[in-house]
Amino acid sequence: MAEILDGRVLAHEIQGDVATEVARLADEGTVLTLVALQVGEDPGTRAYGRVLARASREVGIRFEAQELPEETPQAVLLRELEARNRDPEIHGVLVHRPLPSHLDPYAVSEAVAPIKDVDGLHPLNLGKLLTGQPGIIPATPLAVRDLLVHFGHAPLGKHVVVVGRSDIVGRPLAALLMQKNPESNATVTVAHSRTKSLDRHTRAADIVVVAVGRPGFLRKDMVRPGAVVVDVGINSVPDPERPGKRRLVGDVAFAEVEAVAGAVSPVPGGVGPVTVAALLRNTVEAFDLSIPGS
Ligand SMILES: NC(=O)c1ccc[n+]([C@@H]2O[C@H](COP(=O)([O-])OP(=O)(O)OC[C@H]3O[C@@H](n4cnc5c(N)ncnc54)[C@H](OP(=O)(O)O)[C@@H]3O)[C@@H](O)[C@H]2O)c1
């Protein structure tokens, strides 16, 4: 049976470090503040917002959530962001995704000040990630790397296959894992919906990371025995044990992959909680980077 990469343990550890840092800043007179804007009423986003609010409270970060109507024009959202950018009492700003289709996600990412961009999606931060300069790195890719390093599966020298090339997971993760850095230094293959013979690629991997958004996507015959599997997927499916209810599952066919893999991250309780902790750590990082000369 595979080792279970329990993200809750690691998240608890990271949040402990963040809480210490937040308390030190509070002693120096700074109440670290994070603002999250949601456009529309997506229930999944609301649930994530509640998780973020609770985790922020636990580490002592002041958390402000603002919900804007679904039909909010882009100009209005950009003005809201501009106001947060100018407010010296606010240190981190994020806009929940997915956004309603009339909003341009790239324009929204660019409208968040790079030093408050705790999601690391501003082109300046993404450029820094690509060139290996210090900046704010998106939380989910950080969570994947932290999980691997924490459980003794550091990517250094390994062949990692990332399935999925989205702007928030696959692409920044590939950039992070290939960095010339002792915690990265992996050889990375990125696969996507047009990849031919996907299973040939995944079976050649020491580490497979799946971020596709399809329940049970990664089957056991796609995994080399003993390989490490990280499941980024979060999918809501009907719960067979509770008629009428739903539950969260990942992109990995967990029961069968667990039988062949060397290690696998569960859903829930794997990448998700570490992502939240990494986002809070990014808020501290954003504050540190905003200090001139840091
Ligand atoms: N745990 C967390 O913190 C966290 C954070 C973010 C997202 N997620 C979850 O992670 C999953 C992925 O999210 P996302 O935002 O990256 O999704 P996304 O934007 O929909 O991207 C999905 C990626 O999967 C690829 N794909 C789709 N079908 C495929 C196939 N048959 N074979 C190979 N690749 C295929 C797509 O390829 P193309 O590019 O060719 O279309 C795309 O690159 C979702 O379940 C999401 O909820 C979790």
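## Backbone at Asn 185 and Ser 197

In this predicted model, Asn 185 is partly exposed, with a relative accessible area of 31%, and its place is the loop that runs between helix 7 (170–177) and strand 6 (187–191). Although Asn 185 is not a glycine, its phi is positive, at about 55°. Most residues other than glycine have a negative phi.

Ser 197 also has a positive phi, of about 50°, without being a glycine, and this residue lies in the loop between strand 6 and helix 8 (198–203). With a relative accessible area of 41%, Ser 197 is partly exposed, since that value falls between the 20% that bounds buried residues and the 50% that bounds exposed ones.

## Cis peptide bonds

Most peptide bonds are trans. In this model, however, the bond from Arg 97 to Pro 98 is cis, with omega near 0°, and Pro 98 belongs to the loop between strand 4 and helix 4 (105–111). Another cis peptide bond joins Val 267 and Pro 268, where omega is about 0°; Pro 268 is found in the loop that links strand 11 (263–264) with helix 10.

## Helix 2 and its surroundings

Helix 2 (residues 43–59) has 17 residues, which at 1.5 Å a residue should span 24 Å, and the 25 Å between its end C-alpha atoms agrees with that expectation. Just after helix 2, Gly 60 takes a positive phi of about 90°.

The buried residues of helix 2 are Thr 45, Gly 49, Leu 52, Ala 53, Ala 55, Ser 56 and Val 59. An α-helix has 3.6 residues a turn, so residues three or four places apart point the same way. The elements against which the buried residues of helix 2 pack are helix 1 (7–27), strand 2 (33–39), strand 3 (62–68), strand 4 (92–95) and helix 10.

## The ligand and its shell

Around the ligand there are 21 residues, of which Arg 165, Ser 166, Ser 193, Ile 234 and Thr 275 come nearest. By class, this shell consists of nine nonpolar, 10 polar and two charged residues, and helix 10 (residues 271–290) gives the most to it, with three residues.

Several side chains place polar atoms beside oxygen atoms of the ligand: for Ser 166 the distance from a polar side-chain atom to a ligand oxygen is 2.5 Å, for Ser 193 an N or O atom of the side chain is 2.5 Å from a ligand oxygen, and for Thr 275 the corresponding distance is 3.0 Å. Of the 930 Å² of accessible area that the ligand has on its own, the protein covers 71%.

Technical notes:
Residues are numbered from 1 along each chain as its sequence is written. This is a predicted model: local features need pLDDT of at least 70, side-chain atom pairs count only at pLDDT 80 or more; totals for chains, interfaces and linings use all residues. Side-chain values use heavy atoms; hydrogens and water are left out. A residue is near a molecule or strand if one of its heavy atoms lies within 4 Å of it. A polar contact is a pair of N or O atoms within 3.5 Å; within protein, one must be able to donate a hydrogen and the other to accept it, and residues adjacent in sequence count only if both atoms are side-chain atoms. Accessible areas come from the Shrake-Rupley method with a 1.4 Å probe; for residues, only the protein chains shown count as cover. Helices (H or I, at least four residues) and strands (E, at least two) are DSSP runs, numbered from the N terminus. Ala, Val, Leu, Ile, Met, Phe, Trp, Tyr, Cys and Pro count as nonpolar, Asp, Glu, Lys and Arg as charged, and the others, Gly among them, as polar. The expected span of a helix is 1.5 Å times one less than its number of residues. Buried means under 20% relative accessible area, exposed over 50%, partly exposed in between (1.4 Å probe, protein chains only). Contact means heavy atoms within 4.5 Å.
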